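Here is a walk through a single protein model, from its interior outwards. Keep the coordinates open while reading.

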Amino acid sequence: MPASTDDVVALTELLGRSPRADFDVVVRRAGGRPVVIRNAPLLDDGTPMPTRYWLVDRDLVAAISRLESAGGVRAAEADVGADALDRAHAAYARERDADVPPAHTGPRPHGGVGGTRRGVKCLHAHYAYLLAGGDDPVGRWVAERL
């Protein structure tokens with residue numbers, strides 16, 4: 001379901017700028033405020049958008065930023081099995097790539113969660129994917145520490 005006008009207003013406030021791609025809200029707070037959005041695979045100018053699921057809730061972003069600043073990216077990568085992480089990246093990429101318009105001939109998004117093919121780049125992206133229903137071992141690692 002495409003974003004409503006209220007969703008666009010809320011996301012603009014959360015980001016401090018207007019969104020540059022179509023999106024829908026896939027996870028909300030009890031009052032309706034967006035927590036996780038699902039981005040279209042291409043921005044409004046055709047630029048690839050590798051981040052399919054984006055955590056936009058300010059409180060969760062701040063909490064996960066604290067995890068990252070305390071070495072969380074390296075710790076999560078060390079604690080999570082490489083095979084499980086590779087499966088999460090592959091599933092994420094398949095889902096995003098399936099939404100690229102068939103007639104698109106320009107550059108395509110690449111990578112898995114957070115735009116990377118291997119390892120962990122961004123705990124926020126992994127947690128967003130988990131909240132949106134993805135089977136993400138790094139997202140689970142983050143959830144256990146929040």
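The paragraphs below start with the nonpolar core, move to one helix, and end with a polar pair. Bear in mind that the model is predicted.

Begin inside. The largest nonpolar core holds 22 residues. V36, L55, L123, V138 and V142 touch the most other members. Several elements give two or more residues each: the strands β2 (34-39) and β3 (53-55), and the helices α2 (58-69), α4 (82-98), α5 (123-131) and α6 (137-145). The largest share, 5 residues, comes from α5. A general tendency fits this picture: in soluble globular proteins, nonpolar side chains tend to be buried together.

Now take V36. Leaving aside residues up to four places away in sequence, V36 touches D24, V25, V26 and V27. V36 also touches Y53, W54, L55 and V56, and then A128, L131 and A132. Apart from the largest core lies another core, of 6 residues. Among its members are L11, F23, V25 and V56.

Next comes α5. Is this helix enclosed or open to the outside? Of its 9 residues, 7 are buried, so α5 is largely enclosed by the rest of the structure. The buried residues are L123, H124, A125, H126, Y127, A128 and Y129. What do they pack against? Their partners are β2, β3, α2, α3 (72-79), α4 and α6. Just after the helix, G133 takes a positive phi of about 110 degrees.

Finally, turn to the polar pair. R28 sits in strand β1 (residues 23-28). D7 belongs to helix α1 (residues 5-15). The two side chains make a polar contact at 2.9 Å. Their settings can be read from accessible area. D7 counts as buried because its relative accessible area is 6%, under the 20% cut-off. R28 has a relative accessible area of 40%, so it is partly exposed.

R28 has a further polar neighbour. The backbone oxygen of G32 lies 2.9 Å from a polar atom of the R28 side chain. Beyond four places in sequence, R28 touches D7, R33 and V35. On the same basis, D7 touches F23, V25 and R28. F23 and V25 lead back to the 6-residue core, where both are members. One last distance places R28 relative to D97. These residues are 69 apart in sequence and 24 Å apart in space, C-alpha to C-alpha.

Key. Residues are numbered from 1 along each chain as its sequence is written. This is a predicted model: local features need pLDDT of at least 70, side-chain atom pairs count only at pLDDT 80 or more; totals for chains, interfaces and linings use all residues. Side-chain values use heavy atoms; hydrogens and water are left out. A nonpolar core is a set of buried Ala, Val, Leu, Ile, Met, Phe, Trp, Tyr and Cys residues joined through side-chain atoms within 4.5 Å. Buried means under 20% relative accessible area, exposed over 50%, partly exposed in between (1.4 Å probe, protein chains only). Helices (H or I, at least four residues) and strands (E, at least two) are DSSP runs, numbered from the N terminus. Contact means heavy atoms within 4.5 Å. A polar contact is a pair of N or O atoms within 3.5 Å; within protein, one must be able to donate a hydrogen and the other to accept it, and residues adjacent in sequence count only if both atoms are side-chain atoms.
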